[in-house]
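Q: Can you walk me through how the chains in this model sit together? Short answers are fine.

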There are 2 protein chains.
Amino acid sequence: MKHIAESTVRRLSLYLRFLEDFEAQGHATISSGELAAQGGTTSAQVRKDLSLFGSFGKRGLGYSVSDLSRSLRGILGLGREWNVFIVGAGKIGAALAQFRGFRQRGFKVIAVYDVEPARIGRPLGDLVVRDQTEMESDIARLRLDIALLAVPPEAAQPLVDRVVKAGVRAILSFAPAPIHVPPHVTLRSVNMAFELEILSYALVHADK
Amino acid sequence: MKHIAESTVRRLSLYLRFLEDFEAQGHATISSGELAAQGGTTSAQVRKDLSLFGSFGKRGLGYSVSDLSRSLRGILGLGREWNVFIVGAGKIGAALAQFRGFRQRGFKVIAVYDVEPARIGRPLGDLVVRDQTEMESDIARLRLDIALLAVPPEAAQPLVDRVVKAGVRAILSFAPAPIHVPPHVTLRSVNMAFELEILSYALVHADK
């Protein structure tokens, strides 16, 4: 795997969104300048980002919107469906289970787990909360690809260890705790408390 | 304002969480080594991070847990209450309005806005969804500090322009769109679609 910076993947993801808008509006081609303007970057950066993955577009003609969309979807791993599962059926887990945005991009939430007897067996969106003791066997049986972790901070590392041992290689954590994973596993974290603290930090320090 | 890297604020935020755990367990002092072990860093890094904000701890005695907690809360702007408002009362906005974690850290959600007549006037947690046309006057009247933006991508930039013009200097956006703010405003983004794309990107490229 060629190492690509996270900022590059972020821009590719943005380019794809603009291309999809362009496609919906019936445009057939787009220039690197137009893509750059939408993404708040330069056309040189757009060309550099795309050149990492091959040769796109024709000099003077720009890029084919549909070809480039398809290529970017492939590069971003969006050309297929991923099986997603949620660990933790509390407030955040429940919101995730009912979030429709995932499905549109090929992320199919197919299982939700919890340890609380009061939550197990209850419906959540189109799913029913399953007993967390069934998680490991489900990971193999249902070919679960991506774990969304919505558990209290102290439960996060032990759960990550369990899902990694069961073969999961991609985890998105919402737990406000530092988590360690082996090098073959990709971990992303969304920590709303931390995002708010960055804001409050900025607000108090700007006041001075 | 001294420029402090985001990664430093992130570590300070983690240190504070450990200190609060330590305090709850009745410990009076903590060493930089213990803080480092919890935060997955080194004691030299801990001392360097803290030295940016003054002189803490005594050689050989470590840090006073309660003093350091108080200092970190002050540094992170957590020594006071912030008035938070949510723009967009859809699935994400509703989840945010009902998320209890904010209040515990001094982030008080006091208003939710939407443009949809069907949503305006409906209860959401302890609040009632307000008409978005009232937002600007509320920002001044209720002294709203922090905006949480949970709106469709195409609505994001115009709304940011409106809240910035009304005096808001801190925004957390959940909209999958690039947003521009003037230099005196701090913007953070949580983009779940993007986080998932980083994971799918890693999964397809590791397969090769």
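A: What follows takes up the symmetry, the contact and the domains of this predicted model.

Q: What turn lays chain B on chain A?
A: A turn of 180 degrees, with a shift of 0.0 Å along the axis. The RMSD of that fit is 0.0 Å.

Q: And what kind of axis is that?
A: That turn and shift are the relation of a two-fold axis.

Q: Which C-alpha of chain B is nearest the axis?
A: That of B:A95, which lies 3.0 Å from the axis.

Q: How much of the contact surface recurs between the copies?
A: 100% of the contact residues of chain B recur in chain A, so the same surface serves both copies.

Q: OK, the contact itself. How many residues does each chain put in?
A: Chain A gives 49 residues and chain B gives 49 residues.

Q: Which elements of chain B each supply at least two of those?
A: On the side of chain B that touches chain A, they are the helices α1 (6-24), α5 (91-97), α6 (101-104) and α9 (192-207), along with the strands β9 (170-173) and β10 (186-189).

Q: Which one gives the most?
A: α9(B), with 15 residues.

Q: What is that side made of, by residue type?
A: On the side of chain B that touches chain A, 27 residues are nonpolar, 11 are polar and 11 are charged.

Q: Different topic: how is chain A divided into domains?
A: Domain 1 of chain A covers 6-75, and domain 2 covers 82-195.

Q: What distance separates their centres?
A: Taken over C-alpha atoms, the centres of domain 1 and domain 2 of chain A are 32 Å apart.

Key. Residues are numbered from 1 along each chain as its sequence is written. Chains are lettered from A and ligands numbered from 1 in the order in which they are written. This is a predicted model: local features need pLDDT of at least 70, side-chain atom pairs count only at pLDDT 80 or more; totals for chains, interfaces and linings use all residues. Copies are superposed by least squares on the C-alpha atoms of residues with pLDDT of at least 70 in both. Two residues are in contact if their C-beta atoms, placed from the backbone, lie within 7 Å. Domain bounds come from an automatic or database domain assignment. Helices (H or I, at least four residues) and strands (E, at least two) are DSSP runs, numbered from the N terminus. Ala, Val, Leu, Ile, Met, Phe, Trp, Tyr, Cys and Pro count as nonpolar, Asp, Glu, Lys and Arg as charged, and the others, Gly among them, as polar.
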